[in-house]
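Here is a short tour of a fold for you to follow alongside the viewer. Turn the structure as you read, and pick out each element as it comes up.

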Amino acid sequence: MARLSFHEALGVLGIGDLHPGGAEASSFLLDEVAKEQPRLVLEVGAGIGRTTSRMRSRGWEVVSLEPNAVLRQRFAAQHAAGAQAESLEAFAGAPGSFDAAIAESVLYGMCLPDVFATLHRLVRPNGLVAMVDLVWTREADPAVAARIHDETRATYGIPMASRERLTWTDWQMILRQAGFVPVAERRLEKGARAVGRLGWAAAVRHPVAVATLLRYRFLTRRVAVPPGWVESWMSVWRRVS
Ligand SMILES: C[S@@+](CC[C@H](N)C(=O)[O-])C[C@H]1O[C@@H](n2cnc3c(N)ncnc32)[C@H](O)[C@@H]1O
């Protein structure tokens with residue numbers, strides 16, 4: 001069996017909400033999106049489907065994209081309809097077909113101008129895009145940021161933050177250039193919990209995933225990100241043009 005990456009091991013163990021702020025951040029984003037009474041929402045990088053469930057329980061129709069096969073399998077255990085295997089880049093949704101899109105800790109790994117151009121095409125005029133991501137601050141050294149990206153990607157199978165040292169101001173500028181205006185944005189408090197807890201039943205059923213997770217948790221202590229170099233932002237944007 002191929003070695004599980006960090007987020008795959010978490011997924012196998014049923015641990016979702018692999019984004020800064022966890023369930024509370026999701027609530028913030030979904031409460032903002034709910035004000036628009038959406039009918040159809042696109043979820044990019046749905047993981048094992050925690051937020052898909054939250055949106056469906058609000059009565060929204062959701063199209064969930066999850067290119068990772070391990071996570072998609074776990075997603076299918078909870079959601080009969082399953083998630084679609086396409087990446088956002090490969091997704092051929094009809095222009096303007098979504099009332100909103102949400103991506104929790106997904107976009108930071110992608111080319112932001114391209115991502116926001118794609119979301120601008122998929123979301124209808126006045127539709128919303130909601131996201132939460134870890135971003136660099138101006139304190140961060142660009143060369144070290146790139147190295148941390150490469151090292152965490154090689155070690156965990158998923159990078160910790162963007163390779164380019166993009167700050168929240170950079171994200172805001174790129175979003176505005178893509179034709180979005182802010183509806184709500186909030187920086188997460190330091191120490192906001194990201195990842196859920198491991199249940200005993202899952203641990204007993206999946207010992208290999210537990211061993212993988214423990215190894216990654218040990219390695220995590222060796223990733224030294226200087227204080228003040230990263231911060232996390234939740235935000236909701238409206239397509240205006
Ligand atoms: C850190 S995980 C977050 C998963 C989920 N949103 C959550 O909060 O638990 C990032 C997710 O984005 C997915 N992903 C990565 N690149 C993607 C892309 N280009 N298009 C769609 N999903 C992508 C990964 O497979 C992974 O499930």
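The report below goes from the sheet to the helices on it, then to the cores, the ligand shell and a few single residues.

## The sheet

Keep in mind throughout that this is a predicted model. A good place to start is an open sheet of six strands, which run in the order S2-S1-S3-S4-S6-S5 with mixed pairing. Strand S2 and strand S5 (180–187) are at the edges with a single partner strand each, so one side of each has no neighbour in the sheet. On average, neighbouring strands are turned by 15 degrees against each other, direction ignored.

The pairing can be followed strand by strand. S1 and S3 run in the parallel sense and share four bridges; here Val 44 is opposite Ala 103 in S3. S3 also pairs with S4 in the parallel sense, over six bridges, and Phe 98 stands opposite Val 123 in S4. Further along, the sense is antiparallel: S4 and S6 pair that way over nine bridges, with Trp 237 in S6 as the bridge partner of Val 129. S5 and S6 are likewise antiparallel, over seven bridges, and Arg 186 has Met 234 in S6 as its bridge partner.

How well covered is S3? Seven of its seven residues are buried. In S6, seven of its ten residues are buried, and this strand too is mostly covered.

## Helices on the sheet

Helix H3 (residues 50–57) has Arg 50, Thr 51, Thr 52 and Met 55 among its residues, and these four are buried. The partners of the buried residues of H3 are helix H2 (22–34), strand S1 (40–44), strand S2 (61–65) and strand S3 (98–104). Seen against the sheet, H3 touches S1, S2 and S3, and its direction makes about 170 degrees with that of S2. Just after the helix, Gly 59 takes a positive phi of about 90 degrees.

Helix H7 (residues 168–177) also packs on the sheet. H7 touches S4, S5 and strand S6 (230–239), and its direction makes about 15 degrees with that of S6.

## Two nonpolar cores

Which residues have the most contacts inside the largest nonpolar core? They are Leu 29, Val 41, Ala 100, Ala 101, Val 129 and Ala 130, in a core of 53 residues. Strand S4 (residues 123–136) supplies the largest share of this core, with eight residues.

Val 129 shows how the core is joined up. Neighbours within four places in sequence aside, Val 129 is in contact with Ala 101, Leu 119, Val 123, Phe 180 and Trp 237. Apart from this core there is another, of ten residues, including Ala 9, Leu 18, Ala 209 and Leu 213.

## The ligand shell

If you look around the ligand, you will find 23 residues surrounding it, and the closest are Leu 18, Gly 45, Gly 47, Asn 68 and Ser 87. By type, the shell divides into ten nonpolar, nine polar and four charged residues. Leu 18 thus turns up in the ligand shell and in the core of ten residues.

## Single residues to look at

Two backbone angles deserve a glance. Most residues other than glycine have a negative phi. Ser 105, however, has a positive phi, near 60 degrees. Ser 105 lies in the loop between S3 and helix H5 (112–122), and it is buried, because 22 other C-beta atoms lie within 10 Å. Asn 126 has a positive phi as well, near 75 degrees. Asn 126 is found in strand S4 and counts as exposed, because it has 10 other C-beta atoms within 10 Å.

Finally, is His 206 buried, exposed or partly exposed? With 18 C-beta neighbours inside 10 Å, His 206 is partly exposed. His 206 belongs to the loop between helix H8 (200–205) and helix H9 (207–220). Not counting residues up to four places away in sequence, His 206 touches Val 12 and Leu 13. The C-alpha atoms of His 206 and Met 55 are separated by 28 Å, and the two residues are 151 residues apart along the chain.

Terms used
Residues numbered from 1 in each chain as written. Predicted model: local features only at pLDDT ≥ 70, side-chain atom pairs only at ≥ 80, totals over all residues. Near = placed C-beta within 6 Å. Nonpolar A, V, L, I, M, F, W, Y, C, P; charged D, E, K, R; others polar. Buried ≥ 20, exposed ≤ 12 C-beta atoms within 10 Å, placed from the backbone. Helix = DSSP H or I, 4+ residues; strand = E, 2+ residues; numbered from the N terminus. Contact = placed C-beta atoms within 7 Å. Core = buried A, V, L, I, M, F, W, Y, C linked by C-beta atoms within 7 Å. Pairing = 2+ DSSP bridges. Axes fitted to C-alpha atoms, helices over the stretch in contact; angles between N-to-C directions.
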